Amino acid sequence: MPTPKPIIQVEGLAKEFRRPKRIEGPFGGIRTLFTRQYVSKLAVDGIDFTVDEGELIGYLGPNGAGKSTTIKILTGILQPTQGSVEVAGVVPWKERERNARNIGVVFGQRTQLWWDLPLRDSLELIGKLYGVERDRHRANIERFTELLGLAAFIDTPVRQLSLGQRMRGDLAAAMLPEPRILYLDEPTIGLDVVAKERIRAFIATLNKDEGTTVILTTHDLDDVEKLCRRIVLIDGGKVLYDGSVEKLKARYAPRRRLVVQLAEGARWRGVAMPGVEEAPPEEDAEPGTVALLFDPETAASAEVIAAVLADHQVTDLSIVEPELEGVVHRIYAAREAVA
Amino acid sequence: MATVASNPVPAHRQYLLLLHAAWRGQLQYRGNLVLTLIGGVLYQGVGLAFVWAVVAKFGHVGGWGMGELAFLYGVRLTAHAAWTIPFNRLNSMDWMVQRGEFDRYLIRPAGTLTQFLNWSTNIQPLGDLIGGVGVLVAASSAAPIDWSPTAVLYLLATIAGGALVECSLQLGLCGLSFRLQATYALRMNFIDNIMNNFGGYPLTIFPSVMRFALTFLLPLAFVAYLPANVLLHRTGELSVAPWLAWCAPLLGPLLFAAAYKFWYGQLKHYKSSGT
Amino acid sequence: MTLDATLPAQRLDLGRRLRAYAGIARVLSRTVMAYRSNFLVGSLGLLMQVFLLRVVWTSVFPSDGRTTTGGHAVTLGAQIAYSTLATVQFSLFSPWQVSMVPQRVRDGTVAVDLARPVGFNGQMFFGQVGFTLGNAPFALLALPFAILVGGAQPPSSAGTAGLYALSLLGGYLISLLLGSLMGMVAFWTLEIQGILMVYRMLSQFLAGALVPLWFMPGWLRGISQWLPFQGTTYTPIAVYLGQLGGALRAIGVQAVWVLVLWLLLRLVWSRALRRVTVQGG
């Protein structure tokens, strides 16, 4: 198998926001014009990463971490203060329109569809605006209509669509010109479970069948867990972690949880094994359940289970993987404690 | 390697596509089209009504009769309409920049200004156009003008040039919004207000300091007053050289080129919704 | 909107009603402060308008600074004082927002207003009064500057000043009632921007805010005299400048208009209320 080529390369990226200190009061705008006082903030502070063609990565971080700023630089909305970026061979802010032809962008909170026109008109307009060949565009509209279930509302003005419908429309609009890279900023925000699932399935299909590279920014770690193999975690404008989801868990939440349901009348006698300890009982635990914490590096799951079964009558056993949500929270909390 | 389906599209075609979409969106709200247009006509017409009442009593303003004054007013108003129809979205500039709504004009392969101007539109400036052209047509016969083909061409150049002068001032200041976030009060309450109020009068009625300011600091005189003097054969009473009055329609394109460049230059200061 | 919200609420006694109205006025006057920078820049536009009018009148008046019209003499000084006062007063009495009603109908809060135990029209009326009171400091602040770029004259006597105060009150009441009537249109259609614009421009001209009635061509003066608009601006200022022969008679005309407009408002309101009830919101 040939090694995939990097499609996004980011090196030493920094963005400082500097704005004149705002002067309040009458003619504040005009007085601000002549002020020399500035307020500055380093939103991105030396970020490096590369993304290979066909990857689907989660780009995570708490509010104000610098994720949106990074995405806005990659899409060509903002110019960085320092560093180099290449997206499919193009420096986004230098050749904004050329870059725009390679990418699709969806902002969860802001539609890019024409508000007063039926969804279909927006989709057709995009084909003309991007110079997509007519038959190819028509076929794409048909395909996305089916994949995203647009048929029921494609002739409705966008302003009358529900949030979930609108988001599906936005996704279709972004993907119609068949971009190589899709940036998604909070695509499932405010959606119900069914709508979320539908959108996740669509993203996964695109990535698998079309080989579209996807950069996903989200607060919903369910999205990430279901979709991404790799995540880049940033905070304070710096990369905190870059790698697979499993490794992140192994590093920050190494211990797994073995939940044991004892047979009726059986008594818990404990397990004497190095690296295994009993978890403090949970409040809503059923009577007769015991939870053990162990690190699979020092104690293999099979051995722990064998040790439990050797001494106890058990009706049920389950191993619980740590959830990404908890892991990420722990990382943020630890950083805050340091700061 | 995946290839994209999009191909370069000529800028003017994209402009027309987006313009068409904006108008179709606007026409969904047919509501009280007629009353909105009448409102627009009256908004600009009330100034002329004042001039008319004054002339009815005193016979002139600054030595200009009703036909001449109406002609000046018509040129100014038509020029105003000619730029506000395609550029009415500039009104929303501050809001778009402050809220980070401008993002959407930076992620498609089409000109940022083209997308911004044609994201939606407003029919009210059409009222200005109706009013302006109406006044101009009525005044054309009343004012002492020799209507040769050259004069007609000069009038058209004047309207285009005047539109570009006003438009350039507004566009240039809008460029500053990328940095300052807010320029609306300066643009509309100050500059546009002066243009609308003072633009319909012969500058000879003002004190000389103001005449200078309205010619060289805020080039109001170039919008309609100087070229109107040319067409009305009144360049003799101007305090500037007659050739400058003749060349007045050229200022618009020059200023516009500068404002356009400036606006795009300032775009790099756009901060989106970043802090 | 539920039906019972539109039923006439139980009436409160007078003292309580007045307190309620004062509260509404206070709230509205505060909203003005939130937008104070707009009003300050707006005042700049006002001053430019005043200055322009002075320049125009100065340029057209004969060099001896006096002219006669329809039998009575007007000096340039009086004319400039008129346009200065008229501009400031009209901007205070006739803001772009002529009534609270369209906004209340649009965002649905009209249902809340109707459910309150004080009359709807009273609430709207005093809300608008609060709005004017909130703006008044800006107008008073602009006035000395307006006099500086325009001009002023003292009232000819203490009696004139008293009549002016009376006539100013009449003018304000007529402005409020006309604005309230326009606001009622919102119960029939919400797209009233065009209508309000037409109203504003016609009323500005017919009120004499730009050209006093004495300088209007005869036929136009005739029309203006038979309409209520002149009572809002022309009448008080003409009384102030001593330009009206029968000041008391003019104030009497204002009073008649207040009565007529008030009756008209009640009539329109009863229709509007029926409409709200039938539609059920």
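**Exercise 1. Confidence in chain C**

Find the mean pLDDT of chain C, and locate where confidence is lowest and highest among its elements.

*Solution.* Start with the chain as a whole. This is a predicted model. Chain C has a mean pLDDT of 85, and 91% of its residues reach 70 or more.

Next, go through the elements. Helix 1 (residues 3-6) of chain C has the lowest mean pLDDT, 41. Helix 11 (residues 234-240) of chain C has the highest, 95.

Now look at the start of the chain. Over residues 1-9 of chain C, pLDDT stays under 50. For that stretch the model has 17 contacts beyond four places in sequence.

Last, take the scores of the model: ipTM is 0.87 and pTM is 0.85.

**Exercise 2. Chain A in outline**

Describe chain A by its helices and strands, its span, its buried share and its contacts.

*Solution.* Count the elements first. Chain A holds 11 helices and 13 strands.

Then take the span. The C-alpha trace of chain A covers about 75 × 55 × 50 Å along its principal axes.

Turn to burial. Chain A has 339 residues, and 38% of them count as buried.

Finish with the contacts. Take those in chain A between residues at least 6 apart in sequence: 73% of them join residues at least 24 apart.

**Exercise 3. The two sides of a helix**

Which residues of helix 5 of chain A are buried, and which exposed residues sit on the face turned away from them?

*Solution.* Set out the helix. Helix 5 of chain A runs over residues 134-148, 15 residues in total. From first C-alpha to last it reaches 21 Å, close to the 21 Å expected at 1.5 Å a residue.

List the buried residues: A:His137, A:Asn140, A:Ile141, A:Phe144 and A:Leu148. Seen down the axis of helix 5 of chain A, they fall within an arc of 100°, so they line one face of the helix. A general rule helps here. An α-helix has 3.6 residues a turn, so residues three or four places apart point the same way.

Find their partners. The buried residues of helix 5 pack against helix 4 (119-129), helix 6 and helix 7 (193-210) of chain A.

Now turn to the opposite face. Away from the buried side, helix 5 of chain A carries the exposed residues A:Asp135, A:Ala139, A:Glu142 and A:Glu146.

Check what follows the helix. Just after helix 5 of chain A comes A:Gly149, with a positive phi of about 65°.

**Exercise 4. Positive phi outside glycine**

Where in chain A do A:Ala88 and A:Glu178 lie, and is each buried or partly exposed?

*Solution.* Begin with the rule. Most residues other than glycine have a negative phi.

Take A:Ala88. Its phi is positive, about 50°, although it is not a glycine. A:Ala88 lies in the loop between strand 4 (82-87) and helix 3 (96-102) of chain A. A:Ala88 has 22 C-beta neighbours inside 10 Å, and the cut-off for buried is 20 or more, so A:Ala88 counts as buried.

Take A:Glu178. Its phi is also positive, about 50°, and it is not a glycine. A:Glu178 is in the loop between helix 6 (163-175) and strand 6 (181-185) of chain A. With 19 other C-beta atoms within 10 Å, A:Glu178 is partly exposed.

**Exercise 5. The annotated spans of chain B**

Which residues of chain B does UniProt place in the feature "transmembrane region", and how much of 126-145 and 151-178 is helix?

*Solution.* Read the record. The unreviewed UniProt entry gives residues 33-55, 126-145, 151-178, 198-223 and 243-263 of chain B.

Look at 126-145 of chain B. That span is 85% helix and 0% strand, with its end C-alpha atoms 27 Å apart.

Look at 151-178 of chain B. Here the chain is 100% helix and 0% strand, and the end C-alpha atoms are 41 Å apart.

Add the helix itself. Helix 7 of chain B covers residues 149-180, 32 residues, and reaches 46 Å, close to the 46 Å expected. B:Gln181 follows helix 7 of chain B, with a positive phi near 75°.

**Exercise 6. What chain B touches**

Which helix of chain B gives the most to the side that touches chain C, and which to the side that touches chain A?

*Solution.* Start with chain C. In this contact, 29 residues of chain B meet 27 residues of chain C. Helix 2 (33-58) and helix 8 (184-198) of chain B each give two or more residues to chain B's side. Helix 2 of chain B gives the most, 14 residues. By class, this side of chain B has 19 nonpolar, nine polar and one charged residues.

Go on to chain A. This contact takes 32 residues from chain B and 42 residues from chain A. On chain B's side, helix 1 (11-26) and helix 8 of chain B give two or more residues. Helix 1 of chain B gives the most, with five residues. By class, this side of chain B has 16 nonpolar, nine polar and seven charged residues.

How values were computed
Residues are numbered from 1 along each chain as its sequence is written. Chains are lettered from A and ligands numbered from 1 in the order in which they are written. This is a predicted model: local features need pLDDT of at least 70, side-chain atom pairs count only at pLDDT 80 or more; totals for chains, interfaces and linings use all residues. UniProt positions are given in the numbering used here, feature names are shortened, and annotations may be inferred rather than shown by experiment. Helices (H or I, at least four residues) and strands (E, at least two) are DSSP runs, numbered from the N terminus. Two residues are in contact if their C-beta atoms, placed from the backbone, lie within 7 Å. Ala, Val, Leu, Ile, Met, Phe, Trp, Tyr, Cys and Pro count as nonpolar, Asp, Glu, Lys and Arg as charged, and the others, Gly among them, as polar. A residue is buried if 20 or more other C-beta atoms lie within 10 Å of its own, exposed if 12 or fewer, and partly exposed in between; C-beta atoms are placed from the backbone. The expected span of a helix is 1.5 Å times one less than its number of residues. The arc is that of the directions from the helix axis to the C-beta atoms. pLDDT is the predictor's confidence in each residue, from 0 to 100.
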